[in-house]
Amino acid sequence: MARRFQGPFSPSARQSGDGTMPPLRSQPGQIRHPLESRTRWVTIMAFPFLISAFWQDPFGLVMHLCAFGGIAAGMFLTREGLQAEAAYAARRVARRPAIPRKLFGGILTGLGLALGSYAPGAELGAGVIGVAGAVLHWLCFGPDPMRDKGMEGIDSFQQDRAHRIIAEGEAHLQAMQDAILRTGDRRLEARVAMFSATARDLFARIEQNPAEIAGARRYLGVYLQGARDATVKFADLYVQTHDQRARQDYETLLADLETGFSARIRRLIEGGKEDLDVEISVLRDRLSREGVGQPAPTAAKSPSELERPMTLDDLLIPREGQKQSR
């Protein structure tokens with residue numbers, strides 16, 4: 001039976017509680033680096049080492065298998081490094097990757113090329129090929145992020161705590177999306193996706209300011225866990241009965257949750273603005289006590305003086321006021 005496709009941008013999609021579409025945020029697993037496909041092609045190009053290994057002597061067999069294994073392992077690490085870099089670039093506040101995967105991937109790739117091109121008496125040439133392969137890997141895929149981004153003034157302990165709680169919240173959202181798939185209703189799937197986008201917007205606010213985790217913890221834990229349990233029970237009931245009353249109650253629940261999450265996001269934004277106003281007022285008080293005042297405002301010129309360009313006569317001929325003072 002044909003089903004009409006509906007998503008978050010469909011005209012019939014439900015909006016959030018305040019009448020606006022919530023901002024979308026990429027969920028884990030959806031972020032892709034544009035260079036990830038290159039690792040697959042490099043691995044495919046290394047297959048001649050694997051195929052030709054079985055027509056070599058035992059020493060050549062081991063060398064060719066190690067060459068293919070080194071290139072494949074290097075491309076695997078490079079792919080992981082590209083995914084970590086994409087996640088790093090997608091966030092405003094992020095730590096550098098703990099392991100420079102692309103660096104180690106380039107070293108393994110160069111080592112694999114050196115082993116594959118090795119021949120007795122040609123050790124120098126194999127080393128040159130390996131170094132050239134590692135350099136080309138660095139030029140192709142770039143370096144790993146080596147510094148933290150946006151971490152100035154953020155407590156590392158609070159940041160780690162926020163990451164753990166957000167990971168639990170992501171698990172609840174994923175469970176909701178998996179459960180609603182059993183209904184086979186695209187409109188309900190889009191409705192859950194909209195709620196997930198609102199929740200992930202709150203996740204982004206917490207990542208930027210982990211100090212607010214205490215006030216938003218019940219949203220990330222209790223409320224999301226309750227929404228997950230309600231989604232699982234609703235999906236089990238709706239698959240069997242297709243009860244429209246239960247569906248309406250479930251959509252109303254999602255709308256109420258979206259309203260609460262949106263209100264919490266607004267409070268976080270307003271709280272940040274209040275903190276900024278306090279810091280500005282304190283700084284102004286300190287400047288005034290130090291005797292540093294604002295520059296006196298200059299007298300406003302008339303429109304005629306602004307429009308008329310200054311001539312040589314204006315510089316040489318004294319004004320009327322200057323004559324009287326003399």
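What follows is a conversation between a biologist and a modeller about a predicted model of a protein chain.

Biologist: How many helices and how many strands does the protein chain have?
Modeller: The model is a predicted one, and from the N terminus on every element in its run is written α. Buried residues make up 33% of the 326 residues in this chain. The count of secondary-structure elements comes to 12 helices and 0 strands.

Biologist: Among contacts between residues at least 6 apart in sequence, what percentage join residues at least 24 apart?
Modeller: One example of a contact across the sequence is that of D148 with Y88, two residues that stand 60 places apart along the chain. Taken over the protein chain, and counting contacts between residues at least 6 apart, the share that joins residues at least 24 apart is 79%.

Biologist: Does the end-to-end distance of helix α7 agree or disagree with the span expected at 1.5 Å a residue, and how far apart are its end C-alpha atoms?
Modeller: Helix α7 covers residues 186–208, and at 1.5 Å a residue its 23 residues should span 33 Å. The model agrees with that expectation, because the end C-alpha atoms of α7 are separated by 33 Å.

Biologist: How many residues of α7 are buried, and which residue caps its N-terminal end?
Modeller: Of the 23 residues of α7, 17 are buried, so this helix is largely enclosed by the rest of the structure. At the N-terminal end, a side-chain oxygen of the capping residue lies 2.8 Å from the backbone nitrogen of R187. The residue that provides this cap is D185.

Biologist: At what angle do helices α4 and α5 pack, and what is the handedness of their crossing?
Modeller: Helix α4 (residues 101–116) and helix α5 (residues 123–141) have their axes 7 Å apart, and the angle between them is about 150°. On the α4 side the contact involves residues including G105, G106, T109 and G110, and on the α5 side residues including G130, G133, A134 and H137. The crossing of α4 and α5 is right-handed.

Biologist: Is T109 buried or exposed, and which residues does it contact beyond its neighbours within four places in sequence?
Modeller: T109 is found in helix α4, and its relative accessible area is 6%, so it counts as buried under the 20% limit. Leaving aside its neighbours within four places in sequence, T109 is in contact with G70, I71, G74, M75 and H137.

Biologist: How many aromatic pairs are there, and what is the geometry of the pair formed by F47 and F68?
Modeller: The count comes to 5 aromatic pairs. One of them joins F47 and F68, with 5.2 Å from centre to centre and 55° between the planes. F47 belongs to helix α2 and F68 to helix α3, so that the pair links distant parts of the chain, 21 residues apart. F47 is partly exposed at 34%, F68 is buried at 14%, and the geometry of the pair is tilted.

Biologist: How are the rings of F234 and Y250 arranged?
Modeller: The ring centres of F234 and Y250 are 4.4 Å apart and their planes meet at 5°, which is under the 30 degrees required, so the pair counts as stacked. The pair links helix α8, which holds F234, with helix α9, which holds Y250, across 16 residues. F234 is buried at 6% relative accessible area, as is Y250 at 4%. Ring pairs also bring Y238 into a cluster with F234 and Y250, and the arrangement of F234 and Y250 themselves is stacked.

Biologist: Which residue has a positive phi although it is not a glycine?
Modeller: Most residues other than glycine have a negative phi, which is why a positive value is worth a remark. The residue lies in the loop between α8 and α9, is partly exposed with a relative accessible area of 46%, and has a phi of about 55°. This residue is H242.

Biologist: How far apart are the C-alpha atoms of Y219 and L257?
Modeller: Y219 is found in helix α8 and is buried, with a relative accessible area of 7%. Beyond its neighbours within four places in sequence, Y219 is in contact with residues including L202, G260, F261 and R264. Y219 and L257 are 38 residues apart along the chain, and their C-alpha atoms are separated by 9.1 Å.

Technical notes. Residues are numbered from 1 along each chain as its sequence is written. This is a predicted model: local features need pLDDT of at least 70, side-chain atom pairs count only at pLDDT 80 or more; totals for chains, interfaces and linings use all residues. Side-chain values use heavy atoms; hydrogens and water are left out. Helices (H or I, at least four residues) and strands (E, at least two) are DSSP runs, numbered from the N terminus. The expected span of a helix is 1.5 Å times one less than its number of residues. Buried means under 20% relative accessible area, exposed over 50%, partly exposed in between (1.4 Å probe, protein chains only). A polar contact is a pair of N or O atoms within 3.5 Å; within protein, one must be able to donate a hydrogen and the other to accept it, and residues adjacent in sequence count only if both atoms are side-chain atoms. Rings of Phe, Tyr and Trp (its six-membered ring) pair if their centres lie within 6.5 Å; planes under 30 degrees apart count as stacked, over 60 as edge-to-face and the rest as tilted. Axes are lines fitted to C-alpha atoms, for helices over the stretch in contact, and angles run from 0 to 180 degrees between N-to-C directions. A crossing is left-handed if the near helix is turned anticlockwise from the far one by less than a right angle, and right-handed if clockwise. Contact means heavy atoms within 4.5 Å.
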